[in-house]
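This briefing covers charge pairing, one helix, the cysteines and a surface patch. The structure comes first, and the notes follow by topic.

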Amino acid sequence: MQPIYLVLCLAGAALPLSQFVPWLAAHGLHLPLLLQQASASPIAAFAWADVVVSGIAVAVFVVVEGRRLAMPRWWLPLCCLAVGPSLALPLFLLLRERHLSAGKLRAGVE
């Protein structure tokens with residue numbers, strides 16, 4: 001699963017940033033314009049509402065599961081929410097998979 005999560009991390013960073021960076025270059029960090037364009041149509045508002053709710057769900061999952069498993073660097077995916085849940089979730093799943101695999105190796109289980 002680790003290679004799949006890694007590919008999803010790359011896609012989850014590249015695809016949103018490929019849309020945002022040109023907008024940012026054209027408009028700068030103009031938050032009122034960003035909010036206006038994000039809610040300019042029902043479909044844009046739908047997409048943003050979905051991203052916000054997904055981001056909150058990912059944040060809760062990362063905090064609870066990261067602490068439950070005593071994972072190192074569980075907070076790193078929270079920082080990646082600045083890009084979006086499309087990066088934060090696969091990054092957390094990759095870190096979680098590595099943590100669980102390392103625990104199995106230490107315990108002598110394959």
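A search of the whole structure, which is a predicted model, finds two salt bridges. Glu65, Arg68 and Arg96 are linked by them in a network. The count of disulfides comes to zero, and a nonpolar patch on the surface includes Leu17 and Phe20.

**Salt-bridge network**

- Side chains of opposite charge can pair when their charged atoms come close.
- Glu65 and Arg68 meet through their side chains in a salt bridge, at 2.8 Å from N to O.
- Glu65 and Arg68 are three residues apart in helix 3 (residues 42-68), so about one helical turn separates them.
- An α-helix has 3.6 residues a turn, so residues three or four places apart point the same way.
- Arg96 also meets Glu65 in a salt bridge between side chains, with an N to O distance of 2.9 Å.
- This second pair links distant parts of the chain, since Arg96 lies in helix 5 (residues 85-107) and Glu65 in helix 3, 31 residues apart.
- Which of the three linked residues, Glu65, Arg68 and Arg96, are buried, partly exposed or exposed?
- Glu65 has a relative accessible area of 8%, under the 20% cut-off, and is therefore buried.
- Arg68 has a relative accessible area of 56%, over the 50% cut-off, so Arg68 is exposed.
- Arg96 counts as partly exposed because its relative accessibility is 23%, in between the two cut-offs.

**Helix 3**

- Helix 3 has 27 residues, and the distance from its first C-alpha to its last is 39 Å.
- That reach is close to the expected 39 Å at 1.5 Å a residue.
- Buried residues in helix 3 are Ala44, Gly55, Val58, Val62, Glu65 and Gly66.
- Glu65 is thus listed among the buried residues of helix 3 and also belongs to the salt-bridge network.
- Ala70 follows helix 3 and has a positive phi, near 55°.

**Cysteines**

- Why does the count come to zero disulfides?
- A disulfide needs two cysteine sulfur atoms within 2.5 Å.
- For Cys79, the nearest cysteine sulfur is that of Cys80, 6.6 Å away, and Cys79 is in no disulfide.
- Cys80 is likewise in no disulfide, with the sulfur of Cys79 as its nearest cysteine sulfur, at 6.6 Å.
- Cys79 is partly exposed, because its relative accessible area is 49% and the cut-off for exposed is over 50%.
- Cys80 counts as buried at 16% relative accessibility, since buried means under 20%.

**Helix 1 and the nonpolar patch**

- Leu17, Phe20, Val21, Leu24, Leu29 and Leu31 form a nonpolar patch on the surface, and together they have about 510 Å² of accessible area.
- Helix 1 gives the most to this patch, with four residues.
- Phe20 has its place in helix 1 and counts as partly exposed at 32% relative accessibility.
- That 32% lies over the 30% relative accessible area that patch residues must have, so Phe20 can be part of the patch.
- Ala14 is also found in helix 1 (residues 2-27), and is partly exposed with a relative accessible area of 46%.
- Ala14 and Leu87 are 73 residues apart in sequence, while their C-alpha atoms are 9.0 Å apart in space.

How values were computed: Residues numbered from 1 in each chain as written. Predicted model: local features only at pLDDT ≥ 70, side-chain atom pairs only at ≥ 80, totals over all residues. Heavy atoms only, no water. Helix = DSSP H or I, 4+ residues; strand = E, 2+ residues; numbered from the N terminus. Buried < 20%, exposed > 50% of the residue type's maximum accessible area, 1.4 Å probe, protein only. Salt bridge = Lys/Arg side-chain N within 4 Å of Asp/Glu carboxyl O. Expected span 1.5 Å × (residues − 1). Patch = residues over 30% accessible without salt bridge, like charges linked within 9 Å, V, L, I, M, F, W, Y side chains within 5 Å. Areas by Shrake-Rupley, 256 points an atom, 1.4 Å probe, with all protein chains shown as cover.
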